[in-house]
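Me: I am new to this structure and would like to learn how to read it. Could you take me through it step by step?

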Amino acid sequence: MLHQARSVHQRGGVAPLHPSACAVSAWNTCSVSHRVHLRQEASKNVLYSRHCAMMALATSSPLSQDGSQRGELRFKRVMLKVSGEALEGSHDYGIDPSVLKSIAKEVAAAVREGVEVAIVVGGGNFFRGVDRWDGMERATADYVGMLATVMNAVCLQSALEAEGVQTRVQTAIEMQEIAEPYIRRRAIRHLERGRVVIFGAGTGNPFFTTDTAAALRAAEIGADAFFKATKVDGVYDDDPVKNPEAVMHKSLSFRDVLLKDLNVMDDTAITLCKENSIPVVVFNLHTDGNVVAALLGDPDVGTIISHGT
């Protein structure tokens, strides 16, 4: 049988795909049409194998839109913190759909470039624990604020999926009908598969801000950078709204932020990023293109806070 198989190969023929089904010893007795069929099937398998090899090569060497080789990403996995107030847009309460759509489009563009994006969104556009009324305990108010963050997370998930980006919402308080419970390993697996993960309900504990929740999740998932989307271009030496002469810092150290009490984020969040060596980038959410530029590591966007001086 081996001798016959060699003879077929030497004549330029193709051996059957399944010798057990059609014995090589019977090859010469097969009809011409049967031999043609077997050769065609073998050829298809060869072409399919070549196609798979080409696809593997293409995906291992991503190309940019102009066809040139895409450079290595500055940040592979990032945490994006969006405040609830930022989602209000031109409204005084709730969500401005145009803002939500704009964020979703830019996050989707970053994801298509290969960035793994996790998001924490605040709930101040609906309710803030610090704004509770007399008679309401702080813990109760904070829990209500956590529910507000989940509403924003579900709305942002819908906007991202409308852009064709697979998205998962994970909450620190279990809500099985609408979101997954927070499981660190599952979240990382989603990110590795190119899905956006939105963390809702803060840390699940009162007395902690959503900035702290975002810093905590960034550390847990191994994020390369923390992006805080705000209403201003970066961190200034004075309030830019009250002082038009205020100068924006291009870079700061964690030490500067803590010692000068610059109010970029609460001290717990800044300390978490400092201790885990996660650089923080503060940028303007409402400037077109800023989200995708920041997530792709554009050094000209916002203020970067790191261990450097």
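Reply: Happy to. Let us start with one residue: Ala215 is buried, because its relative accessible area is 0% and buried means under 20%. Keep in mind that this is a predicted model.

Me: Where does Ala215 lie, and which residues is Ala215 in contact with, leaving aside its neighbours within four places in sequence?

Reply: Ala215 lies in helix α6. Leaving aside neighbours within four places in sequence, Ala215 is in contact with Phe226, Ala269, Leu272 and Cys273. You can also look at C-alpha separations: those of Ala215 and Ile278 are 8.7 Å apart, although their positions lie 63 residues apart along the chain.

Me: How should I read another residue of that helix, Arg217? Is Arg217 buried or exposed?

Reply: Arg217, also placed in helix α6, counts as buried because its relative accessible area is 5%. Its side chain joins that of Glu220 through a polar contact of 2.8 Å. Beyond four places in sequence, the contacts of Arg217 include Met79, Tyr182 and Phe199. Ala172, Gly202 and Thr203 are in contact with Arg217 as well.

Me: Now for charged pairs. How many salt bridges does the structure hold?

Reply: It holds 10 salt bridges. To read one, find the two side chains, then ask where each residue sits. Take Lys228 and Asp211, whose side chains meet at 3.1 Å, N to O. This pair links distant parts of the chain, with Lys228 in strand β6 (residues 225-230) and Asp211 in helix α6 (residues 210-221), 17 residues apart.

Me: Why do Lys228 and Asp211 count as buried?

Reply: Compare each value with the cut-off: buried means under 20% relative accessible area. Lys228 counts as buried because its relative accessibility is 10%, and Asp211 is buried because its relative accessible area is 10%. These two residues also belong to a network of salt bridges that links Lys81, Asp211 and Lys228.

Me: Which elements hold Glu116 and Arg77?

Reply: First the bridge itself: the side chains of Glu116 and Arg77 meet in a salt bridge of 2.7 Å, N to O. The pair links distant parts of the chain, with Glu116 in strand β2 (residues 116-121) and Arg77 in strand β1 (residues 77-82), 39 residues apart. Both Glu116 and Arg77 are buried.

Me: And what about the accessibility of Asp131 and Arg128?

Reply: Their side chains meet in a salt bridge too, at 3.5 Å, N to O. Asp131 counts as exposed because its relative accessibility is 52%, while Arg128 counts as partly exposed because its value is 36%.

Me: How do I read the length of a helix, say α4?

Reply: Set its span beside the expected one. Helix α4 (residues 138-162) has 25 residues and reaches 37 Å from its first C-alpha to its last, close to the 36 Å expected at 1.5 Å a residue. After α4 comes Gly164, whose phi is positive, near 85°.

Me: Last of all, where does pLDDT stay under 50?

Reply: Where pLDDT is low, the predicted coordinates should not be read in detail. Here pLDDT stays under 50 over residues 1-27, with 26 contacts beyond four places in sequence in the model. Residues 42-70 also stay under 50, and for them the model has 13 such contacts. Across the protein, pLDDT averages 82, and 77% of the residues score at least 70.

How values were computed
Residues are numbered from 1 along each chain as its sequence is written. This is a predicted model: local features need pLDDT of at least 70, side-chain atom pairs count only at pLDDT 80 or more; totals for chains, interfaces and linings use all residues. Side-chain values use heavy atoms; hydrogens and water are left out. pLDDT is the predictor's confidence in each residue, from 0 to 100. Contact means heavy atoms within 4.5 Å. A salt bridge is a side-chain nitrogen of Lys or Arg within 4 Å of a carboxyl oxygen of Asp or Glu. Helices (H or I, at least four residues) and strands (E, at least two) are DSSP runs, numbered from the N terminus. Buried means under 20% relative accessible area, exposed over 50%, partly exposed in between (1.4 Å probe, protein chains only). A polar contact is a pair of N or O atoms within 3.5 Å; within protein, one must be able to donate a hydrogen and the other to accept it, and residues adjacent in sequence count only if both atoms are side-chain atoms. The expected span of a helix is 1.5 Å times one less than its number of residues.
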